Amino acid sequence: MTFPEARRLAGLASSIAILTLVTAPPTLAQDIIKWNHNWFGPKREVTRGTEVAAELVNKTGKGKVELTVHYGAALGPPKTVPEAIKSGGYEGGNMCAGYYPNKFPLLTVMELPFLAPTKTADRAKVDIAVLKHPAVQKEMKDRWGIFPWLATTLPAYEFMGNKKIASTADMKGVKMRISGLNAKALAKFGAVPANVPAPETYTALERGTIDTIGFPYSYTFGAYRLYEVSKYFTEGMSMSGFMCFQGISLKMWNKLPPEVKNELEVQRAASEKALVETYAAADKKWIPLFKSKLEVSQFPAAERKKLQGTAAEIWADWVKDQEKAGRPGKALLEFVKAEVAKYK
C-alpha cells in the first residue's frame with residue numbers, strides 16, 4: 001500500500017469515527033425511567049435508608065433511571081399511597097401496614113405485640129425476610145400491583161408524655177397514642193388507645209388531648225420535639241411498632257434495567273445498615289437530652305412480662321381472622337416465629 005493510499009484510508013476511518021460519534025443516539029428524555037418516590041414528613045433519620053438505596057439505584061442505572069425522593073407527602077397524602085401507586089399517580093412511596101387497615105392484612109403479622117426482636121438490627125433482618133415471603137408478595141401484587149422494594153425498620157416503641165407509666169396499673173384511663181395490634185395489648189390494662197398522626201402529636205400533648213405518645217425510640221421523640229411538652233418518658237417497654245416498607249409499582253420494577261434489579265439485595269443491605277447506624281447516632285444525641293430535661297420512667301421486666309402475657313391471645317385472634325378470610329395466617333406466623341428465633 002502506497003503512502004497516499006494509507007493516508008486516504010486513515011482519513012476515511014477518522015471521518016467514520018466522527019460521524020458515529022455525532023449520529024449515535026443519546027439517551028433521550030423519553031427513554032429515562034422516571035421514579036418518583038413519596039415520603040411523608042421531612043427528611044430525617046427514618047428516611048436515610050431510602051436515600052442510600054436511591055443513590056445506589058441512580059448510580060447503577062447509569063442515566064437510564066432517575067429516582068427522586070419527595071418529602072412532606074408532596075406527591076399525595078400518606079393515606080392513599082397504595083391507591084396512587086396502583087393508579088400510576090407516582091411510582092413508589094413509604095407505607096406502614098398499620099396506617100392502612102385491611103389493605104395489607106398479612107403484613108400486619110409484624111405488628112403483633114411482642115413478636116419482633118427488640119434490637120433494631122435483628123428486626124431489620126426479619127422485616128426483609130417477611131417482605132420476601134411469597135404470600136406477602138402475592139398479596140401486594142394481586143391487590144395493589146406493588147413490589148416491596150425495601151424494609152424501613154423502626155426501633156422498638158417507648159412512651160413520652162405527661163403521665164408516668166412505670167407499671168401496667170399506671171395505664172388505666174390513660175390516653176395513649178398507640179395503634180393497631182399493640183393497642184389491644186395496652187387496652188387490656190385499661191389504656192385508652194388513640195391513633196394520632198405523627199405531625200399532630202406535639203399539639204395533642206400540649207393541649208392535653210393525649211396523655212402520652214408511643215413512638216420509635218429515640219429519634220422520633222426528638223424529631224417532633226415532644227420533650228418540650230412532656231414530663232416523663234419510658235425505657236424498657238420495647239413494644240413492637242408499625243411494619244413499614246418502601247413499595248414501588250410492579251410495572252415499573254419490571255421495566256428497570258437488569259443491572260438495577262440484580263442489585264436489589266445490595267440496596268436492601270445498604271438501606272438496613274444506614275438505618276441502624278443513623279438510629280444509633282440519634283440515640284447518642286437525644287437520650288442524654290431527654291434525661292437532662294425529663295424524668296425517666298423505667299418499666300420493669302416483670303411488668304413487661306404482664307404485657308407479653310396478652311400476646312398469645314392476640315396472636316391467636318390474628319391467625320383466626322386471616323384464616324377465616326382465606327389467607328395463610330398460621331403458616332406466616334410460624335414462619336416469622338422461626339425467623340425471630342434466629343436472633344434470640
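# Exercises on a Predicted Model

Leaving aside neighbours within four places in sequence, glutamine 137 is in contact with Leu131, Lys132, Phe147 and Pro148. The structure is a predicted model, and the exercises below start from this residue.

## Exercise 1: Glutamine 137

Determine where glutamine 137 lies and whether its relative accessible area makes it buried, partly exposed or exposed.

*Solution.* First, locate the residue: glutamine 137 is placed in helix H5, which covers residues 134-144. Next, consider its relative accessible area, which is 27%. Buried means under 20% and exposed means over 50%. Glutamine 137 is therefore partly exposed. Finally, relate the residue to a distant one: glutamine 137 and tryptophan 286 are separated by 149 residues in sequence and by 36 Å in space, C-alpha to C-alpha.

## Exercise 2: The surroundings of helix H4

Establish which residues of H4 are buried and which elements the buried residues of H4 pack against.

*Solution.* Begin with the length of the helix. H4 comprises the 13 residues 120-132, and at 1.5 Å a residue these should span 18 Å. The C-alpha atoms at its ends are 19 Å apart, which agrees. Then list the buried residues: Thr120, Asp122, Arg123, Ala124, Val126, Asp127, Ile128, Ala129, Val130 and Leu131. Because ten of the 13 residues are buried, H4 is largely enclosed by the rest of the structure. The last step is to name the partners. The buried residues of H4 pack against H5, strand S4 (146-151), strand S10 (244-249), H11 and helix H14 (329-341).

## Exercise 3: Two residues in strands

For asparagine 94 and serine 249, identify the strand that holds each residue.

*Solution.* Asparagine 94 belongs to strand S3, residues 92-96. Its relative accessibility is 3%, so asparagine 94 counts as buried. Residues up to four places away in sequence being left out, asparagine 94 touches His37, Asn38, Trp39, Phe40, Val81, Tyr100, Thr152, Cys244, Phe245 and Gln246. Asparagine 94 and lysine 172, by comparison, are 78 residues apart in sequence and 34 Å apart in space, C-alpha to C-alpha.

Serine 249 is found in strand S10. With a relative accessibility of 12%, serine 249 counts as buried. Beyond its neighbours within four places in sequence, serine 249 is in contact with Ile85, Glu91 and Gly145.

## Exercise 4: Helix H11

Compare the expected span of helix H11 with the distance between its end C-alpha atoms, and state where the helix has a kink.

*Solution.* Helix H11 contains 30 residues, 264-293. At 1.5 Å a residue they should span 44 Å, and the end C-alpha atoms are 43 Å apart, which agrees. A kink of about 30° in H11 is centred on aspartate 283. Threonine 278 also lies in this helix, H11. Its relative accessibility is 19%, so threonine 278 counts as buried. Apart from residues up to four places away in sequence, threonine 278 touches Glu45 and Arg48.

## Exercise 5: The whole chain

Describe the chain by its elements, its extent and its charged side chains.

*Solution.* The chain has 14 helices and eleven strands. Along the principal axes, its C-alpha trace spans about 100 × 50 × 35 Å. Of its 344 residues, 52% count as buried. Among contacts between residues at least 6 apart in sequence, 77% join residues at least 24 apart. The chain exposes about 16,200 Å², of which carbon and sulfur atoms supply 56%. There are 48 positive and 34 negative side chains, and the centres of these two sets lie 1 Å apart.

Key:
Residues are numbered from 1 along each chain as its sequence is written. This is a predicted model: local features need pLDDT of at least 70, side-chain atom pairs count only at pLDDT 80 or more; totals for chains, interfaces and linings use all residues. Side-chain values use heavy atoms; hydrogens and water are left out. Helices (H or I, at least four residues) and strands (E, at least two) are DSSP runs, numbered from the N terminus. The expected span of a helix is 1.5 Å times one less than its number of residues. The bend at a residue is the angle between axes fitted to the seven residues ending there and the seven starting there. Buried means under 20% relative accessible area, exposed over 50%, partly exposed in between (1.4 Å probe, protein chains only). Contact means heavy atoms within 4.5 Å. Accessible areas come from the Shrake-Rupley method with a 1.4 Å probe; for residues, only the protein chains shown count as cover. Lys and Arg count as positive and Asp and Glu as negative; His and the chain ends are not counted. The place of a charge is taken as NZ of Lys, CZ of Arg, CG of Asp or CD of Glu.
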